[in-house]
Amino acid sequence: MSGDVEGVGPQQIDMLMASLRADESEAGVYFSALCTKLSDALGSRVEIDPGRGRFRRHGAPSSLSITLGDQRFVSSLDNGAMTNSIKHVVRDVALRSDDVALPAWLQALVDALALEAARSEASRIALERLLT
């Protein structure tokens with residue numbers, strides 16, 4: 001991100017990244033907390049697939065999808081491991097999908113949110129919610 005979004009500076013972005021990575025070591029708990037935090041802040045932009053299966057806790061999320069502009073950020077939890085991808089979407093069709101490590105996925109998500117926050121009041125408010 002090249003400049004500050006009004007009310008959202010580089011230090012706040014760094015704090016957000018740290019808080020989103022805070023409990024990465026316990027994948028199931030971390031993934032559930034990440035889903036809750038992003039859903040609370042971004043509302044209808046977030047789609048969460050509640051996990052189903054014989055040994056899965058009822059209501060524990062298995063995948064998360066966030067659409068921002070022409071990017072769809074997808075993260076899923078399978079057998080205690082998180083997989084993350086960034087899809088480049090046009091008219092709801094994914095033209096390209098890049099698998100990325102969690103830190104890169106989080107950074108790209110925060111960068112996309114900051115870029116959108118510069119253009120949209122609703123996105124700026126959503127980003128501020130993530131920061132508080």
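A salt bridge is a side-chain nitrogen of Lys or Arg within 4 Å of a carboxyl oxygen of Asp or Glu. Arginine 96 and aspartate 98 form such a pair, their closest N and O atoms lying 3.2 Å apart. The structure discussed here is a predicted model, and a search of the whole of it finds two salt bridges.

**Overall architecture and confidence**

The chain has 132 residues, of which 37% count as buried. It contains four helices and five strands, arranged along the sequence in the pattern α-α-β-β-β-β-β-α-α. Among contacts with a separation of 6 or more, 43% are accounted for by residues 24 or more positions apart. The accessible surface of the chain comes to about 7,700 Å², and 49% of this surface belongs to carbon and sulfur atoms.

The mean pLDDT of the chain is 77, with 72% of the residues reaching 70 or more. Over residues 1-8 the pLDDT is below 50, although this stretch has 18 contacts in the model beyond near neighbours in sequence. Where pLDDT is low, the predicted coordinates should not be read in detail.

**The nonpolar core**

The largest nonpolar core comprises 22 residues, and the members that touch the most other members are Leu38, Leu42, Leu64, Ile66, Phe73, Trp105 and Leu109. At least two residues of this core come from each of α2 (27-42), β2 (61-68), β3 (71-78) and α3 (102-119). Helix α2 gives the most, with eight residues.

Tryptophan 105 illustrates how these elements meet. Leaving aside residues up to four places away in sequence, tryptophan 105 touches Leu34, Leu38, Leu64, Ile66, Phe73, Val74, Ser75, Asn84, Ser85, Ile86 and Val100.

One of these partners, serine 85, lies in strand β4. Serine 85 has a relative accessible area of 8%, and it is therefore classed as buried, the limit being under 20%. With the same exclusion of residues up to four places away, the contacts of serine 85 are Arg72, Phe73, Val74, Ser97, Asp98, Asp99, Val100 and Trp105. This list includes Arg72 and Asp98; arginine 72 takes part in a salt bridge with aspartate 92, and aspartate 98 in one with arginine 96.

**The salt bridges**

The two pairs are set out below.

| Salt bridge | Closest N and O atoms | Relative accessible area |
|---|---|---|
| Aspartate 92 and arginine 72 | 2.8 Å | aspartate 92: 62%; arginine 72: 17% |
| Arginine 96 and aspartate 98 | 3.2 Å | arginine 96: 46%; aspartate 98: 28% |

In the pair formed by aspartate 92 and arginine 72, aspartate 92 lies in the loop between β4 (81-90) and β5 and arginine 72 in strand β3, so the bridge ties together parts that are 20 residues apart in sequence. Aspartate 92 is exposed, whereas arginine 72 is buried. In the other pair, arginine 96 counts as partly exposed, and aspartate 98 likewise counts as partly exposed.

**The loop between β4 and β5**

Most residues other than glycine have a negative phi. Against this background, the loop between β4 and β5 contains two residues that merit attention. Arginine 91 is found in this loop and has a positive phi near 50 degrees without being a glycine. At 80% relative accessibility, arginine 91 counts as exposed. Aspartate 92, placed in the loop between β4 and β5, also is not a glycine and has a positive phi of about 70 degrees. Aspartate 92 thus combines this backbone setting with its salt bridge to arginine 72.

**Nonpolar surface and helix α2**

Val90, Val93 and Leu95 form a nonpolar patch on the surface, with about 280 Å² of accessible area together. Leucine 95 is found in strand β5 (residues 93-100). Its relative accessible area is 61%, and leucine 95 is therefore classed as exposed, the limit being over 50%.

Valine 29 is another exposed nonpolar residue, with a relative accessible area of 51%. Valine 29 lies in helix α2, the element that gives the most residues to the largest nonpolar core. The C-alpha atoms of valine 29 and glycine 80 are separated by 9.7 Å, while the two residues are 51 residues apart along the chain.

Methods:
Residues are numbered from 1 along each chain as its sequence is written. Side-chain values use heavy atoms; hydrogens and water are left out. Patches are made of residues with over 30% relative accessible area and no salt bridge: like charges are joined within 9 Å, nonpolar side chains (Val, Leu, Ile, Met, Phe, Trp, Tyr) within 5 Å. Accessible areas come from the Shrake-Rupley method with a 1.4 Å probe; for residues, only the protein chains shown count as cover. Buried means under 20% relative accessible area, exposed over 50%, partly exposed in between (1.4 Å probe, protein chains only). A nonpolar core is a set of buried Ala, Val, Leu, Ile, Met, Phe, Trp, Tyr and Cys residues joined through side-chain atoms within 4.5 Å. Contact means heavy atoms within 4.5 Å. pLDDT is the predictor's confidence in each residue, from 0 to 100.
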